[in-house]
Amino acid sequence: MTKRIEARFEQCRAEGRAALVTYIMAGDPDPETSLEILKSLPKAGADIVEFGLPFTDPMADGPAIQAAGLRALKVGQDTVKTLDLIRRFRAEDRDTPVILMGYFNPLYVYGVDRFLADAKEVGVDGLIIVDLPPEEDDELCLPALKAGLAFIRLATPTTDDARLPAVLANTAGFVYYVSITGITGAATPDFGKVASAVERIKHHTPLPVVVGFGVKSGAHAAAVAKGADGVVVGSALIDVLKGTLDAEGRATSRSVEAVTTLVKELSEGVRSVSKRAAA
């Protein structure tokens with residue numbers, strides 16, 4: 001299995017801090033701008049990047065990411081073009097883990113075996129496919145693990161101790177804890193409850209636990225970083241990007257800089273929380 005994810009968390013532990021995981025949508029608002037943003041994320045302080053795969057019916061995503069996906073689809077973004085953007089990213093960055101996040105339908109249409117081979121070849125490290133529960137592991141999870149890609153599972157506030165072992169059984173890379181019940185970007189989490197939930201999950205797995213949904217600022221990121229191994233931010237970055245687009249939804253000279261400015265704030269928030277370095 002690719003070692004970039006493990007190596008990045010080891011680096012963050014050695015530095016005594018949580019990791020910053022940032023999400024953007026492939027092809028939003030156009031392929032070249034999304035690639036420019038993707039390249040800029042590690043330089044602004046992102047440790048791991050999630051690249052969204054556009055889909056017409058993103059049931060777990062709130063209005064911001066839904067709109068980003070529609071903007072990407074409107075300009076013709078698809079699975080082939082998304083993998084090509086990752087290939088181009090890898091030509092300049094060999095170290096930053098890249099996670100593809102999306103839904104199973106586009107991968108099913110593409111062909112699971114073909115997709116896994118192509119994803120591995122261009123430098124994808126892991127997958128977050130939110131509509132495949134553990135009961136469907138044969139569809140993608142187990143083939144992905146066999147191909148050497150991490151399959152990252154979501155745990156939620158409703159994932160109790162009876163359900164958690166099934167969720168964790170074939171999870172690799174890290175565990176993604178959804179901090180709220182609902183869709184992305186919909187609410188601000190209760191940071192005290194999040195810390196307790198992370199502690200509970202860590203009793204069941206040695207994997208890093210990262211927290212996403214509802215993190216919008218450096219202060220939020222710092223609050224989550226106190227208890228989690230990583231902090232995920234997506235909708236807030238999409239919102240900032242959208243605010244720079246022109247009346248036709250096209251990128252402007254401010255688009256990339258606006259996203260990286262927020263990433264720098266988030267990075268400072270995460271790095272402001274000192275955690276015990278690995279021995």
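D61 lies in the loop between β2 and α3 (63–74). The model described here is predicted. With a relative accessible area of 9%, D61 is buried, because buried means a relative accessible area under 20%. The UniProt annotation "active site", taken from an unreviewed entry, covers D61 together with E50.

**The second annotated residue**

E50 belongs to strand β2, which spans residues 48–52. This residue counts as buried, at 1% relative accessibility. Residues up to four places away in sequence aside, E50 touches V21, T22, Y23 and I24. Its other contacts, on the same terms, are I99, M101, I128, F174, Y176 and V232.

**Nonpolar cores**

In soluble globular proteins, nonpolar side chains tend to be buried together. In this model, the largest nonpolar core has 67 residues. Those with the most contacts inside this core are L41, F115, V124, L127 and L140. Helix α12 (residues 255–271) supplies the largest share of the core, six residues. A second, separate core has 25 residues, among them A64, M101, Y176 and V232. Three of these names, M101, Y176 and V232, also appear among the residues that E50 touches.

What is L127 in contact with, leaving aside its neighbours within four places in sequence? The residues in contact with L127 include I99, L100, F115 and L116. The others are L140, A144, A150, F151 and I152. Two of these, F115 and L140, are listed with L127 among the residues with the most contacts inside the largest core.

**Two helix residues**

S40 is found in helix α2, residues 31–44. Is S40 buried or exposed, at 12% relative accessibility? S40 counts as buried. Not counting residues up to four places away in sequence, S40 touches V256 and T260.

A7 is part of helix α1, which runs over residues 4–14. At 41% relative accessibility, A7 counts as partly exposed, because partly exposed covers values between the 20% limit for buried and the 50% limit for exposed. A7 and S253 are 246 residues apart along the chain, and their C-alpha atoms are separated by 35 Å.

**Accessibility of the residues described**

| Residue | Relative accessibility | Class |
|---|---|---|
| E50 | 1% | buried |
| D61 | 9% | buried |
| S40 | 12% | buried |
| A7 | 41% | partly exposed |

How values were computed. Residues are numbered from 1 along each chain as its sequence is written. This is a predicted model: local features need pLDDT of at least 70, side-chain atom pairs count only at pLDDT 80 or more; totals for chains, interfaces and linings use all residues. Side-chain values use heavy atoms; hydrogens and water are left out. Helices (H or I, at least four residues) and strands (E, at least two) are DSSP runs, numbered from the N terminus. Buried means under 20% relative accessible area, exposed over 50%, partly exposed in between (1.4 Å probe, protein chains only). A nonpolar core is a set of buried Ala, Val, Leu, Ile, Met, Phe, Trp, Tyr and Cys residues joined through side-chain atoms within 4.5 Å. Contact means heavy atoms within 4.5 Å. UniProt positions are given in the numbering used here, feature names are shortened, and annotations may be inferred rather than shown by experiment.
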